[in-house]
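User: Could you take a close look at the open sheet in this model? I'd like to see how the strands are ordered and what packs on them, with a bit of context afterwards.

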Amino acid sequence: MDAAKTVIPDLDALWMPFTANRQYKAAPRLLASASGMYYTTHDGRQILDGCAGLWCVAAGHCRTEIAEAVARQAATLDYAPPFQMGHPLSFEAATKVAAIMPQGLDRIFFTNSGSESVDTALKIALAYHRARGEGQRTRFIGRERGYHGVGFGGMAVGGIGPNRKAFSANLMPGTDHLPATLNIAEAAFSKGQPQWGAHLADELERILALHDPSNVAAVIVEPLAGSAGVLVPPVGYLEKLREITSKHGILLIFDEVITAFGRLGAATAAERFKVTPDLITMAKAINNAAVPMGAVAVRREVHDTVVNSAAPGAIELLHGYTYSGHPLAAAAAIATLDLYQRENLFGRAAELAPVFEAAVHGVRGAPHVKDIRNYGLVAGIELEPRPGQPGARAYEAFLKCLELGVLVRYTGDILAFSPPLIISEAQIGELFDTVKKALQDIK
Ligand SMILES: Cc1ncc(COP(=O)(O)O)c(C=O)c1O
């Protein structure tokens with residue numbers, strides 16, 4: 001394809017998601033094609049992908065094995081109804097996902113996105129407690145600054161104020177929130193897990209005392225929060241959450257929509273941090289984002305309790321999506337998981353993590369930098385906000401990076417980095433050298 005000849009289409013009809021539509025349409029930024037670590041823009045410029053699309057293209061762009069698997073499947077079985085019928089690839093994909101989940105989480109429910117995975121996990125938690133005769137356990141506890149997608153359940157357990165504001169009165173009732181774990185005054189420029197902050201998990205006991213633990217169905221957190229600006233769990237924090245939830249018979253859900261499939265140098269954050277929850281939500285890198293797909297991994301006992309409590313012949317969980325385990329998505333997942341294994345990409349992420357850490361912390365001292373945090377192949381650079389204009393400086397840095405040939409993500413005044421796991425050491429250098437230059441160039 002000759003990307004240099006891509007014409008900008010009429011932009012009016014599309015209402016773009018999480019986008020300043022008017023600002024964007026006044027100066028559109030279009031990506032026309034991609035390969036490996038690079039995007040090509042509509043006007044033919046090569047852009048190094050510093051964020052794996054949106055945390056999802058872990059194996060790099062347009063991988064032949066995945067593209068061919070999807071094309072083959074589209075010509076073989078385009079669609080099969082997932083309710084009371086099946087097709088081989090969804091079972092095969094589930095087996096492959098289960099094989100790399102923490103031990104015991106070997107029952108897989110397919111969805112089409114992270115948001116659907118979260119709402120599915122919340123519903124499974126309710127179904128589980130009801131099946132055990134504890135239907136009074138209806139409350140959920142999330143965390144401030146948590147992001148769990150855009151469904152009414154996910155927004156309610158989520159902790160990003162602006163995302164909730166317009167929907168506030170209609171959010172799922174019965175939620176409460178742990179405090180966020182980020183404290184720059186105590187843990188600025190932490191490399192890896194901050195030493196400060198494990199005690200914040202004790203807040204869970206306080207919240208449970210208020211609602212009574214017997215009313216609480218589940219606690220949901222991102223083991224490493226990405227969307228709110230890269231919040232790395234303090235040493236000992238996740239362990240405490242596990243201990244407290246187990247003590248009170250409360251399910252622990254890890255939302256691993258960004259961390260599953262190698263981002264932290266292991267298949268899951270649960271494996272990396274050695275803390276096993278009862279459910280894991282995932283999406284993004286499950287099939288390298290080739291076709292929309294998400295999943296929930298469920299501890300077998302939770303699954304069995306729900307399934308075995310239903311009457312023989314009855315549908316055990318009245319939940320699912322027309323496209324759960326879609327043949328194209330499943331084909332992409334199988335090809336992707338094989339590719340991750342063949343190229344040892346999770347191991348590669350672990351090996352590259354120290355290089356990545358050194359490079360991102362090399363940006364310390366550049367103008368506007370307030371904090372830097374990292375783990376695995378994730379990093380965040382928090383900038384001093386411009387007085388009275390929150391987010392404006394990071395937006396400008398994002399634009400400047402793009403102009404200099406690098407795609408980064410920004411949220412508030414935080415730049416976030418999560419490159420494909422195939423990134424080279426030289427490209428890591430290029431990424432952060434560009435960021436440094438961009439920060440020098442902006443006001
Ligand atoms: C932790 C987490 N949960 C849920 C979601 C929502 O995923 P989706 O946008 O696929 O609905 C995201 C998306 O970034 C996420 O980071």
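Analyst: Here is a walk through the sheet, followed by its surroundings. A quick caveat to start: this is a predicted model, so to speak of local features a pLDDT of at least 70 is needed, side-chain atom pairs count only at pLDDT 80 or more, and totals for chains, interfaces and linings use all residues. Residues are numbered from 1 along each chain as its sequence is written.

The sheet is open and has seven strands, in the order 4-10-9-8-7-5-6, with mixed pairing. Strands here are DSSP runs of E with at least two residues, helices are runs of H or I with at least four, and both are numbered from the N terminus. Two strands count as paired if DSSP finds at least two bridges between them. At the edges sit strand 4 (107-111) and strand 6 (175-178), each pairing on one side only. On average, neighbouring strands are turned by 20° against each other, direction ignored; axes are lines fitted to C-alpha atoms, for helices over the stretch in contact, and angles run from 0 to 180 degrees between N-to-C directions.

Now zoom in on strand 4. Its pairing with strand 10 (residues 294-298) is antiparallel and runs over five bridges. One bridge to look up is R107, whose partner in strand 10 is V298. Helix 4 (residues 88-100) packs on the sheet here, touching both strand 4 and strand 10, and its direction makes about 120° with that of strand 4. Contact means that the C-beta atoms of two residues, placed from the backbone, lie within 7 Å.

Elsewhere on the sheet, helix 10 (residues 237-247) lies across strand 7 (216-221) and strand 8 (251-255), and runs at about 145° to strand 8.

Next, the ligand. It is surrounded by 14 residues, the closest being S113, G114, S115, G149 and V257; a residue is near a molecule if its C-beta atom, placed from the backbone, lies within 6 Å of it. Helix 5 (residues 114-131) gives the most to this shell, with three residues. By class, the shell has five nonpolar, seven polar and two charged residues, where Ala, Val, Leu, Ile, Met, Phe, Trp, Tyr, Cys and Pro count as nonpolar, Asp, Glu, Lys and Arg as charged, and the others, Gly among them, as polar.

Finally, the domains: domain 1 covers 3-59 + 344-441 and domain 2 covers 67-342, with bounds from an automatic or database domain assignment. Their contact takes 32 residues from domain 1 and 29 residues from domain 2.
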